[in-house]
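Biologist: I've got this chain up on my screen and I'd like a close look at just one helix. Could you walk me through it?

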Amino acid sequence: MPIKFRCEHCGKSIQAPDTAGGKRGKCPYCKQGNYIPAPVSEADLLDVSEDTELEQARQRERQALLDQERQLLAEVGSAATVPFDQRDDLTPEDLYPFVISYCLAIFNGSLEQSQEQVDKLKKHQSMGQSAVEDFLAEKTSDDSLTCIPAPVLKGLLRDLKGKLAVGGPAGKGKGKAKA
């Protein structure tokens, strides 16, 4: 049975004898050298029925997980959920994701995204400051921040703390006198 393959250079379909498998040969159309693949035996072919059974098992498992997720969402959704901004039980830990997002956004040069995080933290003034202080005091950390060198991270956190201070960053709007 001849080996069928496509030329690596011109893309035309080529046939070569079984004995040429694993060797190099010239394309009859463009005359460029090509590797001729080894012939595939019946034993080398996969049993598709095993793949189909495995895929069906995965599909059943996926469906079961989706059903569980729907059930959990239905249970959680039945309780009245209060929007984040209106919750009375917020803690500094609830604001950690905003601090992390701010640091990553600034480090990656996304000023708009960093300002969004500042605005979210400002809505929860003292709680936001406490969240930043927890990072500065190394009471908490996050693996996603390991890409930022420690001294740079400290500087970003100090900058954020200043932005959250009443009146904004230190010195802003205070009309510093020049010497």
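**A close look at helix α2**

Modeller: Let's start with how long the helix is. Helix α2 covers residues 92–107, and at 1.5 Å a residue its 16 residues should span 22 Å; the C-alpha atoms at its ends are 22 Å apart, so the model agrees with that expectation. Bear in mind that this is a predicted model.

Now for which parts of α2 are tucked away. Its buried residues are Pro92, Leu95, Tyr96, Phe98, Val99, Ile100, Tyr102, Cys103 and Ala105. When you look at how they're spread out, one bit of helix geometry helps: an α-helix has 3.6 residues a turn, so residues three or four places apart point the same way. Among the buried ones, you can follow Leu95, Val99 and Cys103 along α2.

What do they pack against? The buried residues of α2 pack against α3 (111–122), α4 (125–136) and α5 (150–164). Just after α2 comes Gly109, which takes a positive phi of about 80°.

To put α2 in its setting, the chain has five helices and four strands, and along the sequence they follow the pattern β-β-β-β-α-α-α-α-α. Over the whole chain, buried residues make up 22% of the 179 residues. As for contacts with a separation of 6 or more, 48% of them are between residues 24 or more positions apart. On the outside, the chain exposes about 13,000 Å², with carbon and sulfur atoms supplying 53% of that area.

How values were computed:
Residues numbered from 1 in each chain as written. Predicted model: local features only at pLDDT ≥ 70, side-chain atom pairs only at ≥ 80, totals over all residues. Heavy atoms only, no water. Helix = DSSP H or I, 4+ residues; strand = E, 2+ residues; numbered from the N terminus. Expected span 1.5 Å × (residues − 1). Buried < 20%, exposed > 50% of the residue type's maximum accessible area, 1.4 Å probe, protein only. Contact = heavy atoms within 4.5 Å. Areas by Shrake-Rupley, 256 points an atom, 1.4 Å probe, with all protein chains shown as cover.
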